[in-house]
Every structure is written in C-alpha cells, then in structure tokens.
Amino acid sequence: MTGTDQKSSTSGSTARRTIHPGLVLLIIAGAQVMVVLDATIVNIALPSMGEYFGKNQTDMTWALNAYTLAFGSGLLLGGRSGDLLGRRKMFIIGLGLFTLGSLLGGLSFNFGFLLFGRVIQGFGGAIASPTALSLITTSFDEGEERNRAISVYAAVSGAGAAVGLLLGGILTEYLTWRWVLFVNVPIGILLMVGAFLYLHESERLKGKFDFIGAVSSALGMFMLVYGFIHVAHDGWANAETYALFLAAAVLLIGFVVFEAKVAKEPMMPMRIFANRSRSGAYIVMLVVGAAMFGLFYFVTYFIQQVLGYSALKAGFAFLPVAITIGITAQIAGKALPKAGPKALITGGTGLLVVAMLLLSTVTAESTYLGKLLPGMIILAIAMGLIFVPITSVAVSNVRNTDAGLASALLNVGQQVGGAIGLSVLATVAATTGKNYASAHISDAGKAVATLPQDLQQPVQGFLGSSGGKAPEPEQIQAFIHSQPAAEQATLQHFFGPDGALQQMFTAHVQAHSSAMGFLTAAVFAIVALVVAATVINVKKEDLPTGAEDSAPMVV
C-alpha cells in the first residue's frame, strides 16, 4: 500500500470515527475486558465448580485449559481472518461465539458439557481479542491519539484479570458459580449491537485464504498448548508428552517454512518479524504471560485454602490490583512519549522479578497485608508499566492490512505463555508439595495442640513414629482403635478430611508449593528482563507523533 493510499484510508476512517470516537473505544475495550476477565472470573469459582461436579483441584484446571487450548490454537487464524474478511464482521462473529459458549457453560449439567462451552468461548475469544486490538490500530492515528486508546486497552487487559477475580467472588458468593459464565451473555449481546451500529469496516487484505497455513498453525498451537497441559497433569515421564511436543514442533516448523518459502499469499508473512523490537515485544509477552497466569492461579488458591478466605473476600483481595493496574497504565501511557518503550518495559519486568521473589517467601503463617498485598501491588505496577509500551511496540508502524496478525501474535504470546506457565508452575508445585508432605508430616505440632491434653502426647508419638511420612489410612485406624473408646470419636474427626490436622497440614503444603511456584515464576520474569534490556531497542524518538501525513511502513 502506498503512502497516498494510506493517507486516503486514514482520512476516511478519521472522518467516520469523529462521530463517536468514545463509543468506538468503549465497545472495543468492553470486548477485551470481557475476554480477559473470563480467564480469571472462572478461577475464583473453581472450588465451587469442583464441589458441584465432584472434581479435585487438578481436574478443575481443565475448566481453564479447555478455554486456553481453543483460544491459543485459534488466535493466528482469528487475527488473520479479520484482515481478510473484515474486522467489524469478525469482531461481531467472535463476540457471538463467546456469548454462546458462556451460555452453554452456564447451563452445563455435567463436566464434559462445561468444557464444551469453554471451548466455544475460547474460539470466540480467539477471534474477538486480536480483532479488537487491530480495530484500535486502524481506527486511531499513530501518536498521542492511539497512545491514549492503547492505554485504555492495556488498562482493561491488565485490570480485567483482577476484576474477574472480584466479580467472580461476588457472583459465586451471592448467586452460584453458573453466573460467572451467565454474566457474559447480556454484555456480549450489548457489545454486538454496539459494534453493528458504531463500528465501520476497515480496509481488507486482498488475496486468497491460506488454508494450509491456517490448519498447520492451528494444529501446531493446539499440540503445543496441550503438550504443556499434559505435563501439568501427568508429568514428563511418559511417551505421550514427547509425542505431543514432537508433533507441535513438526507442525509449527513446517508452518514457518511454508509461510516463508512456499505460500504465495502467506497467512503470516515474515515481514511482520523484520522489526527487531516488535519481535522482542512478542518474546517478552510470552515470558511475562508464563509468569503471571500461573501467579493468579496460585494466589487464588493460597488466599482461599491457606488464609481461609471465602470466594467473596478472596475477590475483594484482588481489588487493589485492578485499581493499581488501571492507574499505572494511564501513567505509562502519558510517560511513553517522554521515557520511551524500552525504559518502561525494562522497569516493569524488573519490578515483576521483585514481586515474584517477594511472593516466593510466603509461608502458612504469612498474612494478606504483611506479604501478599505488597507483592501483588508491585506486580500490578509492573503489569501497568509493561502492557502499554509493549502493545504500542507490537502494533506500531505496521501495515493496516497486517494489523490483525500483529495483534494476534501479541495475544499468542500472552496465551501460549500462560499455558506454558500454568503447566510448568503446576508441575513444580505438585512435585514440591508431595515432597514437602512426605518430609514434614511429623511437624504438625500446631494441629496436635488443638487436641485435649491427654491425647496430645500419644498422637505426637504416632506421627513421629511414621518416619516423616504420611501414615496410611489403615495405620491411622489401627492407632485410633488402640485408644480409649471415649476418645475415638475425637480422633476420627482430628484425622478426618475436615479435621484440624488435615486443614493445618494442607495449608502448609499449599503454602510451600505456592512459594516454589512463585520462585519459578521469578525465573521467567528474569528471562523477560534480559530480553527487554537486550532485544528491544526502539527509542522514544522512533515513536510516531501523529504529526506525519503517513506513518512509515515496515516491509
């Protein structure tokens, strides 16, 4: 596209959007916050869902994984479909699928039907999310106008995750877990109507649809994400894990080779990666996503299972995070032209390292105000500082006809990174938790102290005689029946699933495994810091000011 063509296109879109620019941004941001919010609003309801369907904590990760699988595997296809078929049209279709999936999930009568609804949601989100960001790219001129729009987009993207936990807590506490899904239905319908009335169709990329690229990328992404999910559930020591990663590698390498060497009209033209800073932004988002997705998962369970918060109180515990992200994102948007993207992204990833290291010191005795809140506030500041400049770098100076792809790749980094992070951190937490449980069963003194005085010494001796390992159920029953009959009911409750021993010991195991998960997330954050400092080299003077007649094109 020539500079004249772009100028004409930009002038036309400017004339259209001056009618309702605020509504255009509200609709786009509303769709993004709904998609992002859904990734965590379900998190807070997982314990209630698990109780309803009779599933444990590990099984319930599939309520997240089903969405992530569909979302991650469909993002490239969803983003490029907007470039080819029209962003307004695909935006409405994506919202429609997301709304339908939410309705089906809320109506689910068994676990399989819930997962089916989550998959539909994921595919809808894979279309709506990259299309929303590309609509900002094509609806607002580069420079101050687009920076403001991206600041709002980044704020709702970051804060939406925390707001989802708050809203999920309210809905779960006062209604049922089903409403964390039903809430999307009226919002989705309202956004579709708004998009139909106020959004205008953007310029389309002329050409044929790259079906081979579409299929190979979707299958490759599916295999990659599912491979990491499989690791989280079954570990590394099995043939299926390696088969999945091998299939993913073959498909994705084949996809890149086909796009670069064979396809006449590639779905992912390699010119999108010619800009070093844009490529660095994708890598940083991948690694940051790996660190942060797992973090919200662990913090949610820590707050409820270790601190004993209800779903509602747990939701409100994340409110400061949402507020801090929103404020920081606006500050970052205003600071971007003066400080430049590199300084903000590097500073944000540095703070992310600090937040993860602080949270990695949690214990069962840690309090919300003393340890969790400071770590979460630092994390929120980091997210606000990272999301605005990294989004700007990823979509700036890109052809209008490639805007959907550029947006999709940023989302791919976040979602695939999230899947990788959740699987790796869950694996680390499960392994370290089991080891801790085996090594510290005899350290349950606080629980023993809740027993009547005459039972404390026999119980402590029994636990100590197990050699540091958790006693088997039959050993527990034999010990209980060896005690006076009048004391057996007390001991049955003490050793039972709702007893003091189980509750207190579970809290210690959960705290230790969470701490190890946070420490692993800190390693991801360090990698992101190194990439931000060494790969991203865009300077503040390289940013478009909005004063040019036409923005420079990346080829």
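**Entry 1: the whole protein**

I started with burial, and buried residues make up 57% of the 555 residues in the protein. For my own bookkeeping, buried means under 20% relative accessible area, exposed means over 50%, and partly exposed is in between, with a 1.4 Å probe and protein chains only. A note to keep at hand: this is a predicted model, where local features need pLDDT of at least 70 and side-chain atom pairs count only at pLDDT 80 or more, while totals for chains, interfaces and linings use all residues. Residues are numbered from 1 along each chain as its sequence is written, and side-chain values use heavy atoms, with hydrogens and water left out.

Next I looked up the secondary structure, which comes to 21 helices and zero strands. Helices (H or I, at least four residues) and strands (E, at least two) are DSSP runs, numbered from the N terminus.

I then checked the accessible surface: about 21,700 Å², of which 67% belongs to carbon and sulfur atoms. Areas like this come from the Shrake-Rupley method with a 1.4 Å probe, and for residues only the protein chains shown count as cover.

How far apart in sequence are the residues that contacts join? Taking contacts between residues at least 6 apart in sequence, I found that 84% join residues at least 24 apart. Contact here means heavy atoms within 4.5 Å.

**Entry 2: a nonpolar patch**

I went looking on the surface and found a nonpolar patch of about 660 Å², made by L23, L26, I189, V193, F196, L197 and Y198. The elements that give two or more residues to this patch are α2 (21-53) and α8 (184-198). Helix α8 gives the most, with five residues.

My rule for patches: residues need over 30% relative accessible area and no salt bridge, with like charges joined within 9 Å and nonpolar side chains (Val, Leu, Ile, Met, Phe, Trp, Tyr) within 5 Å. A salt bridge is a side-chain nitrogen of Lys or Arg within 4 Å of a carboxyl oxygen of Asp or Glu.

I picked L26 for a closer look. This leucine lies in helix α2, and L26 counts as exposed because its relative accessibility is 57%.

**Entry 3: aromatic rings**

A search of the whole structure gave me 10 aromatic pairs. Rings of Phe, Tyr and Trp (its six-membered ring) pair if their centres lie within 6.5 Å; planes under 30 degrees apart count as stacked, over 60 as edge-to-face and the rest as tilted.

One of the pairs is F53 with W177, which is tilted, at 5.4 Å centre to centre and 55 degrees between the planes. The two rings link distant parts of the chain: F53 is in helix α2, W177 is in the loop between α6 (144-174) and α7 (179-182), and 124 residues separate them. Is F53 buried or exposed? F53 counts as buried, because its relative accessibility is 13%. W177 also counts as buried, at 6%.

I noted another tilted pair, F113 and F116, with 6.1 Å centre to centre and 40 degrees between the planes. These two are three residues apart in helix α5 (residues 111-139), so about one helical turn separates them. F113 is partly exposed, with a relative accessible area of 24%, and F116 is partly exposed at 44%.

I also found that Y52, F53, F111 and W177 form one aromatic cluster.

**Entry 4: a charge over a ring**

I spotted K313 over the face of Y309, at 4.3 Å from the ring centre. The test I used asks for NZ of Lys or CZ of Arg within 6 Å of the ring centre and within 35 degrees of the ring normal.

**Entry 5: some buried residues**

Q121 is found in helix α5 and counts as buried because its relative accessibility is 0%. Leaving out residues up to four places away in sequence, I listed what Q121 touches: D38, Y67, L97, F98, G101, S102, L181 and N184.

M376 lies in helix α15 (residues 368-395) and is buried, at 1% relative accessibility. With the sequence neighbours up to four places away left out, M376 touches V299, A317, F318, V321 and Y368. The C-alpha atoms of M376 and A355 are separated by 6.9 Å, with the two positions 21 residues apart along the chain.

F518 is in helix α21 (residues 500-534), and at 1% relative accessibility F518 counts as buried. How far apart are F518 and S360 in space? They are 4.8 Å apart, C-alpha to C-alpha, and 158 residues apart in sequence.
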